[in-house]
Amino acid sequence: MDSAILLILMNNPCIRCGKPRIDGKTWKEKTANSFIIHTQTICPDKECQKIVDKATADRIAKNELMVKNKADAKLAREKALADSKIAAAG
Ligand SMILES: [Zn+2]
């Protein structure tokens with residue numbers, strides 16, 4: 001049985017300029033036995049939205065970099081540990 005859950009985000013004002021945001025992209029997300037319709041709201045000012053998009057992308061990129069750095073540091077620690085064991089054994 002398909003039932004659609006319509007998720008409309010609250011009409012938040014733009015975080016940058018404070019204008020009421022308008023409906024932008026709409027997409028469906030499949031769940032186990034249903035699907036969810038997401039509606040992303042965007043700033044009516046295209047230039048402003050571009051800046052907001054860029055800021056969001058930067059934030060996501062920074063987060064990903066942080067996660068990657070953490071994983072790299074963990075690998076480096078493990079490698080250093082393994083190397084010291086090899087040195088001790090050899
Ligand atoms: Zn705006």
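Which element of the protein has the lowest mean pLDDT, and which has the highest? Keep that question in mind while you go through this predicted model.

**Whole chain**

Start with everything shown as a cartoon. You should find one helix and three strands, arranged along the sequence in the pattern β-β-β-α. Now colour by pLDDT. The protein averages 86, and 87% of the residues score at least 70. Burial is scarce here: of the 90 residues, 3% count as buried. As for contacts between residues at least 6 apart in sequence, 49% join residues at least 24 apart.

**Strand β1**

Select residues 4-8, which are strand β1. This answers half of the opening question: β1 has the lowest mean pLDDT among the elements, 46. Extend the selection to residues 4-10, and pLDDT stays under 50 throughout. The model still gives this stretch 12 contacts beyond four places in sequence. Where pLDDT is low, the predicted coordinates should not be read in detail.

**Cys 17**

Move on to Cys 17, in the loop between β1 and β2. Is Cys 17 buried, exposed or partly exposed? Count the other C-beta atoms within 10 Å: there are 15. Being buried takes 20 or more and being exposed takes 12 or fewer, so Cys 17 is partly exposed.

Next, show what Cys 17 touches. Apart from neighbours within four places in sequence, its contacts are Cys 43, Asp 45 and Cys 48. Take Cys 48 from that list and draw a distance between its C-alpha atom and that of Cys 17. The viewer should give 7.4 Å, although the two residues are 31 apart along the chain.

**The β2-β3 hairpin**

Select residues 22-30 for β2 and residues 35-42 for β3. In which sense do these two strands pair? Their pairing is antiparallel and runs over seven bridges. The two strands form a hairpin, with four residues between them. To look at one bridge, pick Trp 27 and find its partner in β3, His 38.

**Helix α1**

Finish with residues 46-89, helix α1, which has 44 residues. From its first C-alpha to its last, α1 reaches 63 Å, close to the 64 Å expected at 1.5 Å a residue. The helix is hardly covered, with one buried residue in its count. Check the pLDDT colours again for the other half of the opening question: α1 has the highest mean of the elements, 94.

Technical notes
Residues are numbered from 1 along each chain as its sequence is written. This is a predicted model: local features need pLDDT of at least 70, side-chain atom pairs count only at pLDDT 80 or more; totals for chains, interfaces and linings use all residues. Two strands pair if DSSP finds at least two bridges between them. The expected span of a helix is 1.5 Å times one less than its number of residues. pLDDT is the predictor's confidence in each residue, from 0 to 100. Two residues are in contact if their C-beta atoms, placed from the backbone, lie within 7 Å.
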